[in-house]
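Please take a look at this protein with me. We will walk through its helices, its domains, its ligand and one of its sheets.

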Amino acid sequence: ATPTAIMVGTGRGAELGILIKSGEALEKTCKVDTVVFDKTGTITVGKPTVTNILSNRLEENVLLKVVGSLEQNSEHPLADAVIREVNLRKLDMFSVRSFNSITGEGVTGTLEDTPVGDVEVIVGNKKIMDRYSINIDEHIKEGEELFDQGKTVIYIAAKDTYLGMIAIADKVRESSKSVIEELKNIGIDVIMLTGDNERTAKAIAKEVGVTRVIAEVSPEQKYSQIKKLQIAGKKVAMVGDGINDSPALTQADIGIAVGGGADIALESADIVLMSKNIKDVPKAIELSRATMKNIK
Ligand code: ADP
Ligand code: MG
């Protein structure tokens, strides 16, 4: 490839808001045959909101206050959703000690000076509830209905007592469906990769026309799933925005970070979409294809 062609290509990318970090990245992008998308914040907007609260033992606002107290220590988009709801309802919060976050599962900590003294609280998905042997059967049916609506469910427990669940919904990006269709039209396989529940992921995937879903994966598993595709001979682009995506972004042949995402995701990527819009994914591939065609 001539340096001039590469320079023109990366320059054209920059004009479009597609930041291509190296000539090599531009050259490699035309070979991509598989695009793997993170769900939360990539296919969806990443601004989730609380939609349902199911609480059998505590008043709804008290449950929300319990969850919010823990989540104010977390940087997860789900935590933002909870905090927004807490603020909307003007609830105050408990102070927390021994906060701990388990990536891809949830958070734990001890609430101080509650009406019943100090209380250990666990908040997160089924994995973390299983880890602490908490039975969530009480709301299993309701949970499944929420999953099928594409909502993410977080369960709440105090010590070994299940307290209830909160459902959180994140809107699909306006462009997601057409972007995925466009990629398929130019011969690319599309896969969704997410730490979220399988049923939730499948509901979102259906909405945007993705048929291959890999769900309930940890950040390490996101990385190994990319590797698995590469071992099978695929040339893989990974598109993501989160801390949890960065090992996968690094491993992929081309890592594409959505602008505005976590710093480490932006650093791990070969291409950054300044527009924060995944509509630039097919554009980047087409730009690379056009550049390399001119070279040959
Ligand atoms: P994604 O791949 O969708 O960005 P993550 O790996 O960040 O997902 O998280 C996977 C799952 O772990 C979430 O869907 C949620 O169930 C749970 N989880 C992670 N962090 C938190 C948190 N702070 N509060 C509650 N649940 C959490
Ligand atoms: Mg994400």
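At what angle do helix α7 and helix α9 pack, and how far apart are their axes? Helix α7 (residues 140-148) packs on helix α9 (residues 198-208) at an angle of about 30 degrees, and their axes are 7 Å apart. Axes here are lines fitted to C-alpha atoms, for helices over the stretch in contact, and angles run from 0 to 180 degrees between N-to-C directions. That makes α7 roughly parallel to α9, a term for angles under 35 degrees (over 145 is roughly antiparallel, 65 to 115 roughly perpendicular, and the rest oblique). On the α7 side the contact is made by Glu144, Phe147 and Asp148, and on the α9 side by Arg199, Thr200 and Ala203. Two residues are in contact if their C-beta atoms, placed from the backbone, lie within 7 Å.

Before going on, keep in mind that this is a predicted model, where local features need pLDDT of at least 70 and side-chain atom pairs count only at pLDDT 80 or more, while totals for chains, interfaces and linings use all residues. Residues are numbered from 1 along each chain as its sequence is written, and chains are lettered from A and ligands numbered from 1 in the order in which they are written.

Now the domains. The protein is divided into domain 1 (3-45 + 172-295) and domain 2 (49-169), with bounds from an automatic or database domain assignment. Their C-alpha centres lie 31 Å apart. In the contact between them, 13 residues of domain 1 meet 12 residues of domain 2. On the domain 1 side, α9 gives the most, with 5 residues.

Where is ligand 1? Both domains give residues to the shell around ligand 1, so it lies between them. The shell has 22 residues, and the closest are Thr40, Ser74, His76, Asn125 and Gly195. A residue counts as near the ligand if its C-beta atom, placed from the backbone, lies within 6 Å of it.

The table sorts two groups of residues by class.

| Group | Nonpolar | Polar | Charged |
|---|---|---|---|
| Shell around ligand 1 | 5 residues | 12 residues | 5 residues |
| Contact of α7 with α9 | 2 residues | 1 residue | 3 residues |

Ala, Val, Leu, Ile, Met, Phe, Trp, Tyr, Cys and Pro count as nonpolar, Asp, Glu, Lys and Arg as charged, and the others, Gly among them, as polar.

Finally, the sheet. 7 strands form an open, mixed sheet in the order β1-β13-β12-β11-β2-β9-β10. Strands pair if DSSP finds at least two bridges between them. Helices (H or I, at least four residues) and strands (E, at least two) are DSSP runs, numbered from the N terminus. Within the sheet, β2 (residues 34-38) and β9 (residues 189-193) run parallel, joined by 5 bridges.
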